[in-house]
Amino acid sequence: MPRIAIKICGLSTPDAVGAAVRAGASHVGFVSFPKSPRHVEPDQMRALAAVVPAHVERVGVVVDADDELLAGLTATGALTALQLHGKESPQRAAAIRDRFGLPVWKAIAVKTRADIDAANAYAGAVDRLLFDAKTPDGAALPGGMGLRFDWTLLRGLALPAPWGLSGGLSADNVGEAIRITDAPLIDISSGVESAPGIKSVDKIMAFCKAVSSC
Ligand SMILES: O=C(O)c1ccccc1N[C@@H]1O[C@H](COP(=O)(O)O)[C@@H](O)[C@H]1O
């Protein structure tokens, strides 16, 4: 069985990046969204990326970002992929991929089976779909809230692109999530924190151990 890829997201210190790499993460994520407690500025992103070994992918998380912001982030050279976590259309996602020359992930906000079906519209436009829980109207953030959705909605589906699972994962529930969905990539942020935006080395280690034992 192939190894399950792990993305540890919302990293904002070199210590947290180092812990994710040591624990076996295949991807690290940096958030560029000022409302998030995990927001990092482009210079900080560049410095964090400098301590990531070449075999680990560096994903920049943005929410309905305009071209000016994307140009600033990609110019840092810090990123190997962009994760679109807002309401970007398939056309906008494809345009971002063309213009900035990086693989694009699209977060799909899920509550019902119809939300998963809607992801088909992104076939060919993005490089990975990331199924995350839909946050309530008026929520402070569109992700990173520790919310999960009904994982059985993904069971046995043929999906139109490489994909991953996120939303409300932790060391305690990730085994069940993988058993139900057979996800090839697992993404986590708040479930490896001691407080919003503060990563816990112990939780990162425990999470990666739980995934690798699946
Ligand atoms: O983490 C954030 O602050 C964030 C802000 C804006 C958009 C997405 C964000 N995080 C992403 O949310 C999911 C799930 O996070 P969690 O594990 O439930 O806390 C994950 O993909 C993060 O990349």
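**Exercise 1. The shell around the ligand**

By class, how many nonpolar, polar and charged residues does the shell around the ligand have?

*Solution.* The structure is a predicted model. Sorting the shell by residue class gives 12 nonpolar, 13 polar and 3 charged residues. Turning from class to position, of the 28 residues around the ligand, those that come nearest are Cys-9, Ser-36, Gly-143, Gly-144 and Ser-190. Assigning the shell to secondary structure then shows that two or more residues are given by each of strand S2 (27-32), strand S6 (128-133) and strand S8 (185-188).

**Exercise 2. The strands**

Determine how the strands of the barrel are ordered and paired, and then trace individual bridges.

*Solution.* The first step is the overall arrangement: 8 strands form a closed barrel in the order S1-S2-S3-S4-S5-S6-S7-S8, and their pairing is parallel. Within this sheet, neighbouring strands are turned against each other by 25° on average, when direction is ignored.

The next step takes strand S1 (residues 5-8), which runs parallel to S8 and is joined to S8 by 4 bridges; here Ile-6 lies opposite Ile-186 of S8. S1 is also joined to S2, by 2 bridges and again in parallel, with Ile-8 facing Val-28 of S2.

The last step moves to another pair, in which strand S4 (residues 81-84) and strand S5 (residues 104-110) run parallel and are connected by 3 bridges. For this pair, Leu-82 has Val-104 in S5 as its bridge partner.

**Exercise 3. The packing of H1 and H7**

Describe how helix H1 (residues 14-23) and helix H7 (residues 201-212) are placed relative to each other, and which residues meet between them.

*Solution.* Two packed helices are described by the distance between their axes together with the angle between those axes. For H1 and H7, the axes come within 9 Å and cross at roughly 20°. Angles under 35 degrees count as roughly parallel, and H1 and H7 are therefore roughly parallel to each other. The handedness completes the geometry, since H1 passes H7 in a right-handed crossing.

It remains to list the residues that meet: H1 contributes Ala-19, Ala-20 and Ala-23, while H7 contributes Val-201, Ile-204, Met-205 and Cys-208. Divided by class, the residues of this contact are 7 nonpolar, no polar and no charged.

Terms used. Residues are numbered from 1 along each chain as its sequence is written. This is a predicted model: local features need pLDDT of at least 70, side-chain atom pairs count only at pLDDT 80 or more; totals for chains, interfaces and linings use all residues. A residue is near a molecule or strand if its C-beta atom, placed from the backbone, lies within 6 Å of it. Ala, Val, Leu, Ile, Met, Phe, Trp, Tyr, Cys and Pro count as nonpolar, Asp, Glu, Lys and Arg as charged, and the others, Gly among them, as polar. Axes are lines fitted to C-alpha atoms, for helices over the stretch in contact, and angles run from 0 to 180 degrees between N-to-C directions. Angles under 35 degrees count as roughly parallel, over 145 as roughly antiparallel, 65 to 115 as roughly perpendicular and the rest as oblique. A crossing is left-handed if the near helix is turned anticlockwise from the far one by less than a right angle, and right-handed if clockwise. Two residues are in contact if their C-beta atoms, placed from the backbone, lie within 7 Å. Two strands pair if DSSP finds at least two bridges between them.
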